[in-house]
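Colleague: I would like to learn how to read a structure of this kind. Please take me through it feature by feature.

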Amino acid sequence: MTATTYGDAQNPSFHIYLCFGQSNMVGQGEIEESDRAGNERFMVLQSLDCAGLDTPKGEWRVAVPPLCHCGSGLSLVDTFGKAMADHLPDDIRIGVIHVGVSGCDIRLFDKDIYLDYHKTHDGEWFARMIDGYGGNPYQHLIDLAQQAQKDGVIKGILLHQGETNTNDVQWLNYVKKIYTDMLEDLSLNAKEVPLLAGELVHEDQNGKCANMNVIINKLPETIPTAHVISSSGCTAVEDDVHFDAAGYRELGRRYAAKMFSLLGDRATGE
């Protein structure tokens, strides 16, 4: 697919979202032909060089899956971006930066201690994912975000993570530090850049990590500009940890609905 470059420096009508987390953020859903129908107003900043893809790392392309890794599946970000584009005025474009590491502890995104979490898993696949981000997923995300700020304005941060940290109440403080670091490193104002965090596979879907949702739902008590996205009714695959394609689509729509409501008057790009 042909790469697209925008010359409008910090165009307020180009809304950018940072997306990070572990496997459910990466995306495990089956990609169907209908998912490959791109919207020219929904773009992704290519995060990695991928064989068979014309767009090199660091250039914008129309957002069709896979968005995160070269071989990842459908994710909630796919539907989030399409829903935002569909419901915002035609002069507004949506751009996403998508960085995720399956199976990671949230502290892999802590810029001060991330090296302590390089071996959360012993598998070679885990090391390869981290290596793909230059050994530092957080900095990779920040570098891309700083590049994207030359084209548009960061409007929000999307998080889906927690399976590896299930039942760890300190997760709230870990997320707060990472969010605060992101805001500082990108010169962002929390009131203008909310954090949207999704629940894990819900107990109504027999989610193995559903207990973590109790902790996730306390996030707004720790971060006033955080908002939790319900996963109730979002269907999952047989492992009871990952959503299926329909579950990702619904969860992505819910992220978009919340973000759209938070934009308010800012939805016009002003």
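Modeller: We will go through the sheet, one of its strands, a pair of helices and two loop residues.

Colleague: What kind of model is this, and how are residues numbered?

Modeller: It is a predicted model, in which local features need pLDDT of at least 70, side-chain atom pairs count only at pLDDT 80 or more, and totals for chains, interfaces and linings use all residues. Residues are numbered from 1 along each chain as its sequence is written, and side-chain values use heavy atoms, with hydrogens and water left out.

Colleague: In what order do the strands of the sheet lie?

Modeller: Helices (H or I, at least four residues) and strands (E, at least two) are DSSP runs numbered from the N terminus, and two strands pair if DSSP finds at least two bridges between them. Here seven strands form an open sheet with mixed pairing, in the order β3-β2-β4-β1-β5-β6-β7. Its edge strands, β3 (60-62) and β7 (226-229), each pair on one side only. On average, neighbouring strands are turned by 25 degrees against each other, direction ignored.

Colleague: Which helices pack on this sheet?

Modeller: Contact means heavy atoms within 4.5 Å, while axes are lines fitted to C-alpha atoms, for helices over the stretch in contact, with angles from 0 to 180 degrees between N-to-C directions. Helix α4 (residues 137-148) packs on the sheet and touches β1, β2, β3, β4 and β5 (153-160); its direction makes about 165 degrees with that of β4. Helix α5 (residues 171-185) also packs there, touching β1, β5 and β6 (195-198), and its direction makes about 160 degrees with that of β5.

Colleague: Is strand β4 buried or exposed?

Modeller: Buried means under 20% relative accessible area, exposed over 50%, and partly exposed in between (1.4 Å probe, protein chains only). Eight of the eight residues of β4 (residues 93-100) are buried, so the strand is largely enclosed by the rest of the structure. Arg93, Gly95, Ile97 and Val99 point one way, and Ile94, Val96, His98 and Gly100 the other way.

Colleague: Which strands pair with β4, and how many bridges are there?

Modeller: Strand β1 (residues 14-21) runs parallel to β4 and is joined to it by eight bridges. Within that pairing, leucine 18 stands opposite isoleucine 97, and phenylalanine 20 has valine 99 as its bridge partner. Strand β2 (residues 42-45) pairs with β4 in the parallel sense over three bridges, with methionine 43 opposite glycine 95.

Colleague: How is a pair of packed helices described?

Modeller: Two packed helices are described by the angle between their axes and the distance between the axes. The axes of α2 (residues 76-87) and α8 (residues 245-263) come within 7 Å and cross at roughly 45 degrees. That makes α2 oblique to α8 (under 35 degrees is roughly parallel, over 145 roughly antiparallel, 65 to 115 roughly perpendicular, and the rest oblique). Residues in the contact include Phe80 and Met84 of α2 and Tyr255 and Met259 of α8.

Colleague: Where are leucine 48 and isoleucine 223, and what do they touch?

Modeller: Leucine 48 is in the loop between β2 and β3 and is buried, with a relative accessible area of 13%. Not counting residues up to four places away in sequence, leucine 48 touches residues including Lys57, Cys68 and His140. Isoleucine 223 is in the loop between α7 (219-222) and β7, and is buried with a relative accessible area of 3%. Leaving aside neighbours within four places in sequence, isoleucine 223 is in contact with Val175, Lys176, Tyr179 and Leu195.
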